[in-house]
Amino acid sequence: MNRHDKIVPEWEAVGTLGDFEADVPERCEIGDLAVMVVRTSNGEVHALYDVCSHAEVALSEGEIVDGEIECWLHGSTFSLKTGKPSCLPAVDPVPVYPTKIEGDVVYVATNVEL
Ligand code: FES
């Protein structure tokens with residue numbers, strides 16, 4: 001593959017919309033990868049690598065605050081869209097994966113990062 005080839009997303013179904021309570025992050029295992037999936041109250045679905053970039057705890061055990069996931073251990077918050085932290089102590093972003101909804105099924109592709 002050369003650098004001009006596009007990576008085709010490999011979509012994995014992770015549940016239906018009804019499986020995701022609004023603004024409650026859930027941990028989904030996709031292959032060997034832990035992914036935090038959340039349906040926000042405005043109807044968007046986001047998927048991030050479910051490990052904080054600061055000290056390797058599960059982000060899915062945190063809370064959604066103003067459109068970001070707040071790490072429960074030291075309080076860094078990460079954008080659901082970019083994975084970038086907006087406050088210390090975390091300084092590195094976490095990977096964000098594309099999502100799609102077909103019917104009421106939620107899909108995540110972990111072979112692509114946004
Ligand atoms: S472990 Fe997440 S901010 Fe420290």
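Visitor: How many bridges join β2 to strand β3?

Guide: In this predicted model, β3 covers residues 33-39. Strands β2 and β3 run antiparallel to each other. The number of bridges that join them is five.

Visitor: Which residue of β3 is the bridge partner of Cys28?

Guide: Strand β2 spans 26-30, and its pairing with β3 is antiparallel. For Cys28, the bridge partner in β3 is Val35.

Visitor: In what order do the four strands of the open sheet lie?

Guide: The pairing within this sheet is antiparallel. Strands β2 (26-30) and β8 (96-97) are its edge strands, as each pairs on one side only. The order of the four strands is β2-β3-β4-β8.

Visitor: How many helices and how many strands does the secondary structure of the protein contain?

Guide: From the N terminus on, the elements run β-β-β-β-β-β-β-β-β-β. The secondary structure therefore comes to zero helices and ten strands.

Visitor: What is the radius of gyration of the protein, and how does it stand against the globule rule?

Guide: For 114 residues the globule rule gives 13 Å. The value for the protein is close to this, so the protein is as compact as a globular protein of that length. The radius of gyration is 14 Å.

Visitor: What share of the residues counts as buried?

Guide: A residue is buried if 20 or more other C-beta atoms lie within 10 Å of its own. Among the 114 residues of the protein, the share that meets this criterion is 30%.

Conventions:
Residues numbered from 1 in each chain as written. Predicted model: local features only at pLDDT ≥ 70, side-chain atom pairs only at ≥ 80, totals over all residues. Helix = DSSP H or I, 4+ residues; strand = E, 2+ residues; numbered from the N terminus. Rg over C-alpha atoms; globule rule 2.2 N^0.38 Å. Buried ≥ 20, exposed ≤ 12 C-beta atoms within 10 Å, placed from the backbone. Pairing = 2+ DSSP bridges.
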